[in-house]
Amino acid sequence: MRNLTFILITLLTAACNASDKKVTDRAEIEGHSLILETDKGICILHIKDKELFSSKALDIAPPCFFLRQGTQEPQSFSYPDNDILSVIMVVGSPAPQEKRERWGIREETICGENRQGILFKESGEVVAGKTLKGGLVCKDKGADEKDFWYLAH
């Protein structure tokens, strides 16, 4: 009976933990399939290319989304001087209601206060870069190129 109870508790715990995971966004860039997922209060970036699959915890709070500028593709810039094919941004750390009201942001618009760069280098290596904290950036409104430059250098 003790073994059956242990097995039931283990299965219930696993089921509860599995329900914590939620895919928040997907994108394709530089031959990589990217998935953003929230798992136990952490943003996880999953990266898959032809040969490899990797996951990395990001340094910003969920939910997380790829930053876009009015298209389905993530907004990106390249910096050949720094061996970077593309840098994209992930926005997270949802903006508090009072800040949204102050800026006149509609309820359905997804905005966050923190951003993290994802770098695609010539070497094929994918690296989660620096973070930017503060301000207000909305998922579908894009960001200024200077933010991408900072994250890439």
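Two strands are said to pair if DSSP finds at least two bridges between them, and the strands themselves (E, at least two residues), like the helices (H or I, at least four residues), are DSSP runs numbered from the N terminus. The model on your screen is predicted, so local features need a pLDDT of at least 70 and side-chain atom pairs count only at pLDDT 80 or more, while totals for chains, interfaces and linings use all residues. Residues are numbered from 1 along each chain as its sequence is written, and side-chain values use heavy atoms, with hydrogens and water left out.

**Stop 1: strands β1, β2 and β3**

Begin by selecting residues 32-39, which make up strand β2. Six of the eight residues of β2 are buried, so that the strand is mostly covered; here buried means under 20% relative accessible area, exposed means over 50%, and partly exposed lies in between, with a 1.4 Å probe and protein chains only.

Now add residues 22-29, strand β1, which runs antiparallel to β2 and is joined to β2 by seven bridges. Within this pairing you can find E28 standing opposite S33 of β2.

Next select residues 42-48, strand β3, which is also antiparallel to β2 and is joined to β2 by seven bridges. Here T38 stands opposite C43 of β3, and C43 is a residue to keep selected for a later stop.

**Stop 2: the two turns**

Go to the loop between β2 and β3, where K40 is placed. The two strands form a hairpin with two residues between them, and K40 in its turn has a positive phi of about 55 degrees, although K40 is a residue other than glycine. With a relative accessible area of 53%, K40 is exposed.

Then move to the loop between β1 and β2, which holds E30. This hairpin, too, has two residues between its strands, and E30 has a positive phi of about 50 degrees although it is not a glycine. Is E30 buried, exposed or partly exposed? Its relative accessibility is 38%, and E30 therefore counts as partly exposed.

**Stop 3: from E30 to S86**

Keep E30 in view and select S86, which belongs to strand β7, residues 84-94. The side chains of S86 and E30 make a polar contact at 2.7 Å, where a polar contact is a pair of N or O atoms within 3.5 Å, of which, within protein, one must be able to donate a hydrogen and the other to accept it, and residues adjacent in sequence count only if both atoms are side-chain atoms. S86 counts as buried because its relative accessibility is 4%.

If you leave aside the neighbours of S86 within four places in sequence, its contacts include I29, F77, I118 and F120; contact means heavy atoms within 4.5 Å.

**Stop 4: the disulfides**

How many disulfides does the structure hold? There are two, a disulfide being a pair of cysteine sulfur atoms within 2.5 Å.

Return to C43 and select C64 with it, since these two form a disulfide whose sulfur atoms are 1.8 Å apart. The pair links distant parts of the chain, with C43 in strand β3 and C64 in the loop between β4 and β5, 21 residues apart. The torsion about their S-S bond is about 90 degrees, so this disulfide is right-handed, and both C43 and C64 are buried.

For the second disulfide, select C111 and C138, which are joined with an S to S distance of 1.9 Å. C111 lies in strand β8 (residues 111-121) and C138 in strand β9 (residues 126-138), so that the pair links distant parts of the chain, 27 residues apart. The torsion about the S-S bond of C111 and C138 is about 90 degrees, which means that this disulfide is right-handed; C111 and C138 are buried.

**Stop 5: a cis peptide bond**

Select P62 and P63, and look at the peptide bond that runs from one to the other: the bond is cis, with omega near 0 degrees. P63 lies in the loop between β4 (53-57) and β5 (65-66).

**Stop 6: helix α3**

Finish with residues 145-152, helix α3, in which D147, F148, L151 and A152 are buried. Why do these residues lie on the same side of α3? They cover an arc of only 130 degrees around the axis, which puts them on one side of the helix, the arc being that of the directions from the helix axis to the C-beta atoms. The buried residues of α3 pack against β6 (76-79), β7, β8 and β9.
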